[in-house]
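Please look through the sequence and the structure shown here before reading on. The report after them goes from the sheet to its strands and helices, and then to single residues.

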Amino acid sequence: MSTQIRNVVLVHGGFVDGSGWQAVHRLLTADGLNVTAVQNPTLSLDGDVEATRFILDDLDGPAVLVGHSYGGAVITEAGTHDNVAALVYIAAFAPDKGESVNTLISGFPTDGPQPPILPPRAGWLFLDRSKFAGSFAADLPAADAAFLADSQVPWNVAALGGVVTEPAWRSKPAFYLVATDDHMIPPPAQRTMAARVGAVTTEAIGSHAVYVSQPGAVADLIRQAANTDR
């Protein structure tokens, strides 16, 4: 049976916060959907999963749970919540049981573009501000990319090591949007993860910040997930 899901929960990734979802939020709420953006503490995977489940607990019905980048690890673990009906990965990590973001990164090719992550400072990670635009947001206006670089949210190394215990994609329908010009998570790795989770997959020409630069493509995939047969 196909009935539209009315709730959407958006989960951001590392180095940014939930405000990057603004254009996607605007498009989906114009459709009458109830949309909430989680603000991850990014201290640990467990903490971010708890923050996401806190939002899910308050919903009055099923939801599409959406994750960008590291947010994909968060929704993989949090998505077993009873209120989650479908998962949407946006240029995101999609770990299996026993895997972490670190596990997945270790399998990325070393001969391609490398994220300009600076050495940890007291356990916190930042991207090199001078290289942020080219690696994370190359298709955004220069001023917008500069703002993201200057407003980075520190990402704790513990979050990258958080291990998934029960991947939600094994029991929930999954959708994946590949960002074809991503210099943070290689597009071939995105395609491999999407295939492994059995996701309905689409592609958009965009940087790692595809959720900001291509909000229409992101919103379209979320709408598709909201109308999927269950």
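What follows is a description of a predicted model, arranged by topic.

## The sheet

The strands S2, S1, S3, S4, S7 and S8 stand in that order in an open sheet of 6 strands, and their pairing is parallel. At the edges of this sheet are strand S2, residues 34-38, and strand S8, residues 200-204; each has a single partner strand, so one side of each is left without a neighbour in the sheet. If direction is ignored, neighbouring strands are turned by 20° against each other on average.

## Strand S1 and its partners

Strand S1 covers residues 7-11, and 5 of the 5 residues of S1 are buried, so this strand is largely enclosed by the rest of the structure. Asn7, Val9 and Val11 point one way from S1, while Val8 and Leu10 point the other way, and residues on both sides are buried.

On one hand, S1 is joined to S2 by 5 bridges, with the two strands running parallel, and within this pairing Leu10 stands opposite Ala37 in S2. On the other hand, S1 also pairs with S3 in the parallel sense over 5 bridges, where the bridge partner of Asn7 is Ala63 in S3. Helix H1, residues 22-30, belongs together with S1 and S2 to a right-handed β-α-β unit.

## Strands S7 and S8

A second right-handed β-α-β unit can be followed through S7, helix H8 (residues 187-196) and S8. Strand S7, residues 174-179, runs parallel to S8 and is joined to it by 5 bridges. Two pairs of facing residues can be located here, for Val178 stands opposite Glu203 in S8, and Ala179 stands opposite Ala204 in S8.

## The nonpolar core

The largest nonpolar core has 78 residues, and those with the most contacts inside it are Ile90 and Ile222. Strand S4, residues 84-90, provides the largest share of this core, namely 7 residues. When neighbours within four places in sequence are left aside, Ile222 is in contact with Val8, Leu10, Val24, Leu28, Val64, Val66 and Val88.

Val84 also lies in strand S4. Is Val84 buried or exposed? Its relative accessible area is 3%, and because buried means under 20%, Val84 counts as buried. Not counting residues up to four places away in sequence, Val84 touches Leu56, Ala63, Leu65, Ala78, Gly79 and Lys172. Val84 and Pro173 are 89 residues apart along the chain, yet their C-alpha atoms are separated by 9.9 Å.

## Helices H3 and H6

Helix H3, residues 71-78, lies across strands S1, S3 and S4, and runs at about 145° to S3.

For helix H6, residues 142-150, the buried residues are Ala145, Leu148 and Ala149. These residues cover an arc of only 100° around the axis, which puts them on the same side of H6. Which helix do the buried residues of H6 pack against? They pack against helix H5, residues 132-136. The face of H6 turned away from this buried side carries the exposed residues Ala143, Phe147 and Asp150.

## Residues in the loops

Some loop residues are buried as well. Ser69 has its place in the loop between S3 and H3, and with a relative accessibility of 7% this serine counts as buried. Apart from neighbours within four places in sequence, Ser69 is in contact with Gly13, Ile90, Ala91, Ala92, Phe93, Ile185 and His208; among these is Ile90, which is also one of the two residues with the most contacts inside the largest nonpolar core.

Phe15 is found in the loop between S1 and helix H1, and at 2% relative accessibility Phe15 counts as buried. Although Phe15 is not a glycine, its phi is positive, at about 75°. Thr42 is found in the loop between S2 and helix H2, residues 45-57, and is buried with a relative accessible area of 1%. The phi of Thr42 is near 55°, which is again a positive value in a residue other than glycine.

Technical notes. Residues numbered from 1 in each chain as written. Predicted model: local features only at pLDDT ≥ 70, side-chain atom pairs only at ≥ 80, totals over all residues. Heavy atoms only, no water. Core = buried A, V, L, I, M, F, W, Y, C linked by side-chain atoms within 4.5 Å. Buried < 20%, exposed > 50% of the residue type's maximum accessible area, 1.4 Å probe, protein only. Helix = DSSP H or I, 4+ residues; strand = E, 2+ residues; numbered from the N terminus. Contact = heavy atoms within 4.5 Å. Pairing = 2+ DSSP bridges. Axes fitted to C-alpha atoms, helices over the stretch in contact; angles between N-to-C directions. Right-handed = clockwise from strand over helix to strand, strands pointing away. Arc of directions from axis to C-beta.
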